[in-house]
Amino acid sequence: MTDIIIKYTKKRLYINLILALFWTTLGAFVLWESNTIRWHNFGYILAGALYFAQFLYDIFWQYLIISNGYIQKNGFFRKKIPLKDITVIKKNADGYTLKTETEKLNIHTNLIDKISLMELNTFLSTIEISEKEYYELKL
């Protein structure tokens, strides 16, 4: 199985880059114009650095990686579930919810590039859902 990389929209990436440039420029301007150096003025530069770090992280790791029988959602806390354990694929208004017996993975389709979204839809339609759900009859 080849790796499938589901990418972020370019709009999200560029917004993070623009915010990084804005906060860094504002921080540099405040430091340049102020007569005294105050610790809170460095907060602008810190905010710009964090937005730039988020931009670089999103560029290199993207939103989802499907490989080696796992689907992995990248973010501050990565979430990885095996494809063979998926019991439910539910399509919501804002994306998909993949459930296993113990875990749940939400995929927000508004964050996904259009071409990658078509790949994801194709891939999710080919997944064979394991029949591990048992129903108990209560009398």
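## Arg 12 and its partner

Arg 12 is partly exposed, its relative accessible area being 25%. In this predicted model, the side chain of Arg 12 forms a salt bridge with that of Asp 58, at a distance of 3.3 Å from N to O. The contact joins distant parts of the chain: Arg 12 belongs to helix α1 (residues 10–33) and Asp 58 to helix α2 (residues 42–61), with the two positions 46 residues apart in numbering.

Asp 58 has a relative accessible area of 1% and is therefore buried, the limit for that class being under 20%. The bridge thus pairs a partly exposed arginine with a buried aspartate.

## The second salt bridge

Side chains of opposite charge can pair when their charged atoms come close. The structure holds 2 salt bridges. Besides the pair of Arg 12 and Asp 58, the side chains of Lys 84 and Asp 85 meet at 3.6 Å, again from N to O.

Lys 84 is exposed, at 63% relative accessible area. Asp 85 has a relative accessibility of 23% and so counts as partly exposed.

## A positive surface patch

Positive charge also gathers on the surface, in a patch made up of Lys 79, Lys 90, Lys 99 and Lys 104. Lys 90, one of these residues, lies in strand β5, which spans residues 88–91.

Why does Lys 90 count as partly exposed? Its relative accessibility is 45%, and the partly exposed class lies between the 20% limit for buried residues and the 50% limit for exposed ones. This value also satisfies the patch criterion of over 30% relative accessible area.

Conventions: Residues are numbered from 1 along each chain as its sequence is written. This is a predicted model: local features need pLDDT of at least 70, side-chain atom pairs count only at pLDDT 80 or more; totals for chains, interfaces and linings use all residues. Side-chain values use heavy atoms; hydrogens and water are left out. Patches are made of residues with over 30% relative accessible area and no salt bridge: like charges are joined within 9 Å, nonpolar side chains (Val, Leu, Ile, Met, Phe, Trp, Tyr) within 5 Å. Accessible areas come from the Shrake-Rupley method with a 1.4 Å probe; for residues, only the protein chains shown count as cover. A salt bridge is a side-chain nitrogen of Lys or Arg within 4 Å of a carboxyl oxygen of Asp or Glu. Lys and Arg count as positive and Asp and Glu as negative; His and the chain ends are not counted. The place of a charge is taken as NZ of Lys, CZ of Arg, CG of Asp or CD of Glu. Helices (H or I, at least four residues) and strands (E, at least two) are DSSP runs, numbered from the N terminus. Buried means under 20% relative accessible area, exposed over 50%, partly exposed in between (1.4 Å probe, protein chains only).
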